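Trainee: Could you take me through one part of this model in detail? I would like the central sheet and the helix packed on it, with the contacts spelled out.

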Amino acid sequence: MASLPIRDPIGDHLLTPQNAALVVIDYQPSQFAAVGSIDHDLLLENIVSTVQTAKAFDMPIVHSTINVATGRGKPTVPELAELLEDHPPIDRTSTNAWEDADFLAAVRATGRRKLILCALWTEICMAFPALDAMREGYEVYPVVDAIGGTSEEAHRTGLQRVVQAGAKPVTWVALAVELQRDWAREETVTDVIEIVLTERLLKA
């Protein structure tokens, strides 16, 4: 029982903590309120677990909001804002985050070419930057159960649009296990078991 040597963590075709960044866009009260494709409590649990996973692996995180400075929008929901306190939000007016200079600079500054993308709503704030990012040569991985659309059809259509353009959908559990990859990598085992199993899948 012996694992093969760890593959190049930068060049690996799968997601690794060294080749990917997490992008979290517009998890604000009004966006949550209008989601119609997934239960709101489950959506919150899933995005929280996704962010916890990224933090456990010390991955770069880009956090963005829309219209907070204009007063039209409220800040990131508290449960998520607390987790992201070391990643101040980049506030925008553009529905497509890729059309905001500060957001774009932050993504590029990560140096990562694989973007794990979480946004509300699927068909707009996820789809638009995903399409632009892929056009610029990034690989995009929407976390399908940590995002939500204004309806089931909107969510499905948004995902289909980006998948047809080359996006690679993933779930929050699969993401955590893909980053961990081998239970012999002991430095993150405890965190992953806590996030995925103890707090979620096996919780009584």
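Mentor: What follows starts with the sheet and works outward to the helices.

This is a predicted model, so local features need pLDDT of at least 70, side-chain atom pairs count only at pLDDT 80 or more, and totals for chains, interfaces and linings use all residues. Residues are numbered from 1 along each chain as its sequence is written, and side-chain values use heavy atoms, with hydrogens and water left out.

Take the sheet. Five strands form an open sheet, ordered E3-E2-E1-E4-E5, with parallel pairing. Strands are DSSP runs of E with at least two residues, helices are runs of H or I with at least four, and both are numbered from the N terminus. Two strands pair if DSSP finds at least two bridges between them. Strand E3 (90-92) and strand E5 (139-142) are the edges; each has a single partner strand, so one side of each lacks a neighbour in the sheet. On average, neighbouring strands are turned by 25° against each other, direction ignored.

Now one pair inside the sheet. Strand E1 (residues 20-25) and strand E2 (residues 61-66) pair in the parallel sense over four bridges. Val-24 stands opposite His-63 in E2.

Val-24 also leads into the core. Leu-80 touches Val-24, Tyr-27, Ile-47, Val-48 and Val-51, not counting residues up to four places away in sequence. Contact means heavy atoms within 4.5 Å. The largest nonpolar core has 60 residues, and Tyr-27, Ile-47, Leu-80 and Phe-103 touch the most other members. Such a core is a set of buried Ala, Val, Leu, Ile, Met, Phe, Trp, Tyr and Cys residues joined through side-chain atoms within 4.5 Å. Buried means under 20% relative accessible area, exposed over 50%, partly exposed in between (1.4 Å probe, protein chains only).

Next, helix H2. H2 lies across E1, E2 and strand E4 (114-119), running at about 145° to E1. Axes are lines fitted to C-alpha atoms, for helices over the stretch in contact, and angles run from 0 to 180 degrees between N-to-C directions.

H2 has a helix partner too. The axes of helix H2 (residues 40-56) and helix H7 (residues 172-180) come within 9 Å and cross at roughly 10°. That makes H2 roughly parallel to H7 (angles under 35 degrees; over 145 is roughly antiparallel, 65 to 115 roughly perpendicular, the rest oblique). Asn-46, Ser-49, Thr-50 and Thr-53 in H2 meet Trp-172, Leu-175, Ala-176 and Leu-179 in H7.

Finally, Thr-188. Thr-188 sits in helix H8 (residues 186-201). Thr-188 is buried, at 8% relative accessible area. Leaving aside neighbours within four places in sequence, Thr-188 is in contact with Ala-56, Phe-57 and Gln-180.
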